[in-house]
Amino acid sequence: MKWWAKLRRRSTLERDLADEIAFHRDMRARDAAPPPFGNETRIREAMREFWTFGGIETTLRDVQYALRGFRRSPAFAGSAIVSLALGIGAVIAIFTAADNLLFRPLPYRDPERLLMIWENNAKSPSVPGLSVSPANYLDWKARNRAFEEMAALEEFRTVLLDGDRAEQFRMQAVSANFFPMLGVQPLRGRLFTPAEDLPGALGGRLLIISHRLWRGWFAGDPGVIGRRVRINAEPRTIIAVMPPGFHFRNREVDLWSPIRLNPAYNYRQEGHYINTVGRLRSDFSPGQAQSEMSAIAHALEEEHPAYNRNWGVLLEPLRDSLVGNVKTPLLVLLVAVGLLLAVACSNVANLLLARYSARHAEIAIRMALGAARVRLMRQLITESLVLAVFAGAIGILLGWYALAGLIRLAPHSITRAANIHIDWRIVAVSILLSVATGVIFGLAPAMIGSKGNLAPGLRTATRWGSSGGGNARAWLIAGEIALSVILLVGASLLFRSFLKLTGVDAGLRPANALTFRLNLPPAGYRADGKSTRFFVEAIRRIEQMPGVRAASAVSHLPFDGESPSTWIQLAGQPAPEPGKQLLAAIRTVMPHYFETIGIPLRRGRDFNPSDNASDAPLRFIVNEAFVRKYLPEVDPVGKRMQAWMAPINPFGEIIGVVGDVKEGSLEQSAVPTAYYIHAHNQYVGMTLVVRTEGDPAGMIPAMRRVMQDLDSTVPVAEARTMETVLGETYARERFATTLLGGFSLAALLLAAIGIYGVLAYAVSERTQEIGVRLALGADPWRVVALVLGNGARFVVLGLGVGMAGALATSKYLATLLYDTGPRDPMTFLGVPLVLLAVALVAAWMPARRASRLDPVKALLGEK
Amino acid sequence: MAKKDLIQGTLDMLILKTLTAGTMHGYAIAVAIENRSADELRVEEGALYPALHRLEAAELLTSEWKISEKNRRAKFYRLTPAGRKHLSSESSNWNRLVAAVARVMEPV
């Protein structure tokens, strides 16, 4: 009979045999006087023996038995499955994120040989990678040997005009060798040549678009190559479409054009505004390249002291520049996940041990009746495997959701550059983990449980520890508590730091404020004052809208990227030596900006409309940091200063001082800033700031309509509330805090379950002893104390070890903490208290049960 | 009637031999063996059915549920080619065994 035929339901086979025998019996009855038929039951049993199908049926039967057992003790099964599922889900989520962000190969040829080439300034060592001056880039390119290719890119926002549709997109201007260096070919069309990457009309007309733009904006038009559009009102021809998913460091870029640097031009005084990336030659190491580049930078310092003094070179592997400041939090998370998993597994081990100890009697009876030891072990392991399979399935689901939540919580800057999806290898590893946990933790208690001397199991009186599980479980609990303490301390530290961080006054009032960007096409607004008049009109129209209290504009919104810096010079002070110039950030604003955005005015006055004319006298407003650094102890109002913006820089009068805005990150002190009125520094791109009466987000559609009426070729871009913008700033800390907090809570929950389990077991094991004591007249609470006392020893032990461990390891969190020491006393006092409280709560029910035991029942050994 | 215990393998051989006459159900096989042996050999049901199923598992027989001559459902067994081969090798073994025993039992 084929094996699959054998798997037919047992009942069918039994029925067939019954039919066969019945037939035989009937036939015999019809014939001569029948002798006794024979023991039908014996025949049946002989057949049944024949019907052992071996492996599969045994396993199926074991599984059924296991499931019945779980239905009878749902608390055990539920706790075990939940514990394991939590651990596995956490592992999947974190490892997937880490894998995608830290380990995934980049989609370029030989990505490990690609390095970002930054400049750095010896005077601001805390800022590692700064933009590059094209002059330096050209010199590096000419002089270096370490790189086989070096490319430049510049990123900005532009307005794409096609027919009557206008929208803002991000564009990267790149050198001609950029795409070949990355090893990328376009999906359609061709890349631009080095000849087209030079100044002159030819290259300026070329445009490469992303796959996403082709499919979306151009609706997959097969004739898109050669199509004519406008970028910032200038005509362009599309020459290529990039493959799907192609990007370089910024997933939101949809357009590429030639950067058209002129090798003959002296860019020295244009400032530092491009990024450079290079491919290392195969026979050079990054260390060697860094030495060579530093030497070149040094030579340039000597040759151009006025411009290059204190400027050096910093090489950074491409991947690091992408992952950068998320490395530490992720590594912390990996460790935290490991801890959580350890807690989960020890909890499961605990539960399994308890269960097998409780079934000691059953196992002993079965062995006494002749069950093979192997058979018993096999059954116990099967039970653990069933648990593991359930936990694995739930864990995968949990992991999926956790990953989705992680992505949504994570700082936009990280996920912007990543495409996170679950790797099936990780799922497979998790399943293996599940199974391994099941087997290991099923094996140990199984070995203990089935090895026993049968006699103690068959006796009804047992003492705690004699079944071999008790002490092990107590140690496991101690370990769980220690690990939970470490997690809790970490989470609390981060939480306190986060509270301090968000409590810091940003320097402006983000509530009820709306911002959006307007980029005018430069071609149409070059005439003097034309862009100023446009923005004045835009602000006027907005202020007339119902629900708007005030509106203004700024060239670079705080907390939304850097504003450019330049040197400033104060009247009456000697010219500083090269390398010791005074640096200030420059912003351009419209009148009443500070009032609109909520930056307080400290001295003097704000810009007003009469300042906002190109023939008005040049005036400046500075912030407190500027005054502290450059004009201490004098009244800054009325002083004259100049900023190096152009070949000729007139002096202007300082008319006011405003409060600091904590830029960059809330942790650093403010940067000295000087503000221009728009008429004297006519940016064509400004960010409008609108203060509203009510919910700012709801006003966005109305804003779009108003701007559409004003000029339909100028789209409203990046419309969001100021609170959203601010939120991104401490997204990283919020992310780490939330995650670690979640883990700690999970660990705490698991520890509570574990403590409850151990104590409940202790009570049930010593039931008879408790009964005796109660019967002899002991005070119930003394009895409870006795029972719990033993368990308490281990809780305290775990606490102690955990605190020591936390003290030792919390220093690794220091880089993530703001204004909170890694040995913060409140945390280290609070956590043990919390844990003791949890332990008490978990111990409450078993304790109550112990004190309520009916002595008679206890003595009789009933449970 | 004396009941003789049969060695298991011998019973298998008898069943196979009986089935060379054609397809039959379990009862018919038992009756056939009784008749051929002139009632010397009586097959117990407790031995017959396990033997039949064992032979079927070894693929020396195949079985089929059919309607019997009395209009009832019964399981009919049939020899397979492998079964025939097994029968011929078993019967030659048996003959050799019998001859050997006879030689030993000859009067000295």
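Visitor: How much accessible area do the residues of the nonpolar surface patch with B:Trp94 and B:Met105 have together?
Guide: Patches are made of residues with over 30% relative accessible area and no salt bridge, where like charges are joined within 9 Å and nonpolar side chains (Val, Leu, Ile, Met, Phe, Trp, Tyr) within 5 Å. Accessible areas come from the Shrake-Rupley method with a 1.4 Å probe, and for residues only the protein chains shown count as cover. The members here are B:Trp94, B:Leu97, B:Val98, B:Val101, B:Val104 and B:Met105, and their combined accessible area is about 610 Å².

Visitor: What kind of model is this, and which pLDDT do local features need?
Guide: Residues are numbered from 1 along each chain as its sequence is written, chains are lettered from A and ligands numbered from 1 in the order in which they are written, and side-chain values use heavy atoms, with hydrogens and water left out. The model is predicted: totals for chains, interfaces and linings use all residues, side-chain atom pairs count only at pLDDT 80 or more, and local features need a pLDDT of at least 70.

Visitor: Is B:Met105 buried or exposed?
Guide: B:Met105 belongs to helix H4 (residues 81–105) of chain B; helices (H or I, at least four residues) and strands (E, at least two) are DSSP runs, numbered from the N terminus. Buried means under 20% relative accessible area, exposed over 50%, and partly exposed in between (1.4 Å probe, protein chains only). Because its relative accessibility is 66%, B:Met105 counts as exposed.

Visitor: What pattern of helices and strands does chain B follow?
Guide: Of the 108 residues of chain B, 37% count as buried. Chain B has four helices and three strands. Along the sequence their order is α-β-α-α-β-β-α.

Visitor: Which residue takes a positive phi just after H3(B)?
Guide: Helix H3 (residues 45–57) of chain B has 13 residues and reaches 18 Å from its first C-alpha to its last, close to the 18 Å expected at 1.5 Å a residue; the expected span is 1.5 Å times one less than the number of residues. Among the buried residues of H3(B) are B:Leu48, B:Tyr49, B:Leu52 and B:Glu56. Just after H3(B), a positive phi of about 65° is taken by B:Glu59.

Visitor: How many residues apart are A:Arg145 and A:Glu292?
Guide: A salt bridge is a side-chain nitrogen of Lys or Arg within 4 Å of a carboxyl oxygen of Asp or Glu, and the whole structure has 25 of them over all chains. One joins the side chains of A:Arg145 and A:Glu292, at 3.7 Å from N to O. A:Arg145 lies in the loop between helix H6 (134–143) and S2 of chain A, A:Glu292 lies in helix H9 (residues 286–303) of chain A, and their separation in residues is 147.

Visitor: Is A:Glu292 buried or exposed?
Guide: Its partner A:Arg145 counts as exposed, because its relative accessibility is 54%. A:Glu292 has 15% relative accessibility, so A:Glu292 counts as buried.

Visitor: Where in chain A is the partner of A:Arg549 in the pair with A:Glu693?
Guide: A:Arg549 and A:Glu693 form a salt bridge, with their closest N and O atoms 3.5 Å apart. A:Arg549 is in strand S12 (residues 548–554) of chain A, 144 residues from A:Glu693, which is in the loop between strand S20 (685–692) and helix H22 (700–710) of chain A.

Visitor: How far apart are the closest N and O atoms of A:Asp635 and A:Arg603?
Guide: A:Asp635 is partly exposed because its relative accessible area is 37%, and A:Arg603 counts as partly exposed at 41%. The two form a salt bridge, with the closest N and O atoms at a distance of 3.1 Å.

Visitor: Which charge does the surface patch with A:Glu148 carry?
Guide: Lys and Arg count as positive and Asp and Glu as negative, while His and the chain ends are not counted; the place of a charge is NZ of Lys, CZ of Arg, CG of Asp or CD of Glu. A:Glu148 lies in strand S2 (residues 147–162) of chain A and counts as partly exposed because its relative accessibility is 43%. With A:Asp110, A:Glu112 and A:Glu149, A:Glu148 forms a patch that is negative.

Visitor: What separates the C-alpha atoms of A:Asp197 and A:Val174?
Guide: A:Asp197 is in the loop between strand S4 (188–189) and strand S5 (206–209) of chain A. At 11% relative accessibility, A:Asp197 counts as buried. A:Val174 is 23 residues away along the chain, and the C-alpha atoms are separated by 8.7 Å.
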